[in-house]
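This report describes the arrangement of the chains, followed by the fold, the core and selected residues. Please consult the sequence and structure shown here alongside the text.

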There are 2 protein chains.
Amino acid sequence: MSAWRSTASRLRDAQRGLGSASGAARRAALAALSELLEAREEEILAANAADLAQAERDALTGPLLDRLALSAEKLATLRAGVLQLAKGKDPIGQPLLKTELSPGLVLEQVKSPLGVLLVIFESRPDAVIQIGALALKSGNGVLLKGGREAAQSNAVLVRCLQDALQAAGLDPAAVAGVEGRADVAELLELDDLIDLVIPRGSGQLVRAIQQGTRIPVLGHAEGVCHLYLDADADPAKATHLALDGKTGYPAACNATETLLVHPAFLPQLPRLARALTEAGVRLRADARAHAELSAAAPAVESVLAVESDWGHEWGDLELAVAVVDDLGAAIDWIHRHGSGHTDAIVSEDPAACEEFLRRVDSASVFANASTRFADGFRYGLGAEVGISTGRIHARGPVGVEGLLTTRWLLRGQGQAASDFGPGKQSYTHRALPTDPTHG
Amino acid sequence: MSAWRSTASRLRDAQRGLGSASGAARRAALAALSELLEAREEEILAANAADLAQAERDALTGPLLDRLALSAEKLATLRAGVLQLAKGKDPIGQPLLKTELSPGLVLEQVKSPLGVLLVIFESRPDAVIQIGALALKSGNGVLLKGGREAAQSNAVLVRCLQDALQAAGLDPAAVAGVEGRADVAELLELDDLIDLVIPRGSGQLVRAIQQGTRIPVLGHAEGVCHLYLDADADPAKATHLALDGKTGYPAACNATETLLVHPAFLPQLPRLARALTEAGVRLRADARAHAELSAAAPAVESVLAVESDWGHEWGDLELAVAVVDDLGAAIDWIHRHGSGHTDAIVSEDPAACEEFLRRVDSASVFANASTRFADGFRYGLGAEVGISTGRIHARGPVGVEGLLTTRWLLRGQGQAASDFGPGKQSYTHRALPTDPTHG
């Protein structure tokens, strides 16, 4: 057996203990984690300083360094998050459905941990604690693969997670750190031991992982979000939403990448486009939009779009603009060029909004709201595991619920299937109220 | 573009129309389907007679021929099922969650079709209608690949589904039949166009498909179900459940394959074993159980089990019997040798039952009930799509719900994400009641 197969196998055993322990035990582990983060602050910051020193030697710069750096403040925020999670309701064992199959034979569908997660993330060491805490809360085992540049910070933080489990009387083997790329490649082969891969990083990383494993992958490779300005769009709202969608955080997956414009809105386009260009946005317009912008006085600068501009994720202050004949054409465009992440309409016509909401087949579909709202925190899901554009299991922003599956429990008194049938007992299939008994 | 890529792409477009149509339109299609099955009964039975004649020339026999044969009665049963489905509540658009993010900005999570299904099944032509009707109900497009021996029957039935869509003003391209094995291989490559594969057939078929595609597969390759007889098992119940589990339908995936016995129950084993052997069951016992059975007067026949008997799916009147030290050892055994399908305990000790229910990590876990209850109809799910031993998306017996995903709808009044934050608006995240508005 390979080293990783045996680690993962051991991790699955430990996870079964974690997942079937009491909610109080998992809560105690989270409380211990918060305490350990405080008690070991010095050690954590020293490891992080070593990582930072190495990063400077490796000439890492700017945002990458910022994301790598921990501080007393960041640790305090992490601890607050862990404690909030500890206080929250225990999801495991919560009944979703309860049915009397016949008197004295009662079926219950309850929430259960998924099993073993492999989480692959880039430089931020905070992710070890954020994701590790979510795994503890949801009773899942977790293999954590962070960036090489955060190796020393990650190692200390993984040890905090393991020691927190131990402190609560749980098996610390339910959490393990993963080091190199070769290890990840080996783990991605273990589809009998790992239940879900969660890559948090660039589209390139996500695509590479999706291509390279049979294990289900939760995530999104691309966020090509559209904002459709309908005939009845309010120009002020349209401008507000286009600005927010494009300039709020251009690198985010929920940023707006293409503006679709109804011909009736075209006369309003130059003014909206001017606000965008003033905010530093470069426009790539199709022939009709380009003509309108060029003819405006004063003209608005735009370049003529090429075919490959449609469905492109800019991740920057670039915006494609296309004129579509009507609402139906806008929806078809989104289905052809979109990535199924988030798409929005701006319109004062309630019927147009409802048709858009009904027909657009994306994880998130909005009317008169910025595409930037597609986010677990903004949705009120608490901690976010990721945003999924897959259609199986979880879709859109995913919180703790996305780390759970269900089990069916049946409590009887000795009933056999052959006791039922014509001339024998018959099924009642009576829905019973579900009473959440777990804290 | 390959022929199947273009068919699947066209099918996805048609599916989007089906999925976003009104519930009334989908209901009308199901009603039309029932009428077509009646109007074309002669044509259907003639096609089936041709398949049967060919099957006899090919020397097909017994159960295979039975499953291939349609009759006026079978068609009447199919029609009744279709009408029942037509009458049922429309699942699409049903809200699961409704949250006010802030006044005038309301988020809803609603049920939506998965998209495009590829269903692969063996000889029974009835499956075309059963699965096709479920797809229509759930707004999914479906590619139907039946057995070659039912080719003519399947072709007529697929046409009934298409014509039913047309009759309801929906695009008939949302349903397509698939012919040969080469076509299936080509379809299994289209992970960008097909959302879920549902193989209904032997474990060998399921395994081959799981190995050969990146598309998620709903199903189970194996059903290795255990029945654990605890120290406090009631002997009469234990016998009743072992008999039902093993002899009710030995080829079923929910049949009992291994009996685990607590040492304290061992003195009761010969009597239970005798009932099993009288019912034609051959026992493969471990050393301890074998000794107990051989020493009984009169002795009960059993052969000594070998290592490969554990975790084996017999599909026949064979039963492995092993003695385990205690409840914990039984649970470990199930995790080591089981397939995560269905496992049951027999015990009069409520604490032992609850520990078993809490700790066994299988799709279905039972106390004092036969493993044979693991079934969509018996669970009251209505039509069953299949039984999943996967942990992602759907687990255990799967009904229409397993063919659905969700979308997040956000209705605003022009709100941007940048309107929120310190010193600006803050999120209310107020849970709102969900009101099912669809019939």
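## Symmetry of the two copies

A turn of 180° with a shift of 0.0 Å along the axis lays chain A on chain B with an RMSD of 0.0 Å, where copies are superposed by least squares on the C-alpha atoms of residues with pLDDT of at least 70 in both. The two copies are thus related as by a two-fold rotation axis. The same surface serves both copies, since 100% of the contact residues of chain A recur in chain B; two residues are in contact if their C-beta atoms, placed from the backbone, lie within 7 Å. His393(A) is the residue of chain A that comes closest to the rotation axis, at 1.9 Å (C-alpha).

The model is predicted: local features need pLDDT of at least 70 and side-chain atom pairs count only at pLDDT 80 or more, whereas totals for chains, interfaces and linings use all residues. Residues are numbered from 1 along each chain as its sequence is written, and chains are lettered from A and ligands numbered from 1 in the order in which they are written.

## Overall fold of chain A

Chain A has 14 helices and 17 strands, taken as DSSP runs (helices H or I, at least four residues; strands E, at least two) numbered from the N terminus. Its C-alpha atoms fill a box of roughly 80 × 75 × 40 Å along the principal axes.

The domain assignment, which is automatic or from a database, gives domain 1 (3-211) and domain 2 (225-373). The C-alpha centres of these two domains of chain A lie 38 Å apart.

## Burial and the nonpolar core

Of the 439 residues of chain A, 54% count as buried. A residue is buried if 20 or more other C-beta atoms lie within 10 Å of its own, exposed if 12 or fewer, and partly exposed in between, with C-beta atoms placed from the backbone. In α1(A), the buried residues include Trp4(A), Leu11(A) and Leu18(A).

The largest nonpolar core (buried Ala, Val, Leu, Ile, Met, Phe, Trp, Tyr and Cys residues joined through C-beta atoms within 7 Å) has 267 residues, of which Leu33(A) and Leu33(B) touch the most other members. Beyond its neighbours within four places in sequence, Leu33(A) contacts Val82(A), Ala133(A), Cys160(A), Leu161(A) and Ala164(A).

## Tyr228(A)

Tyr228(A) lies in strand β7 (residues 225-229) of chain A. It counts as buried because it has 29 C-beta neighbours inside 10 Å. Leaving aside neighbours within four places in sequence, Tyr228(A) is in contact with Leu260(A), Ala330(A), Ala344(A) and Ile345(A).
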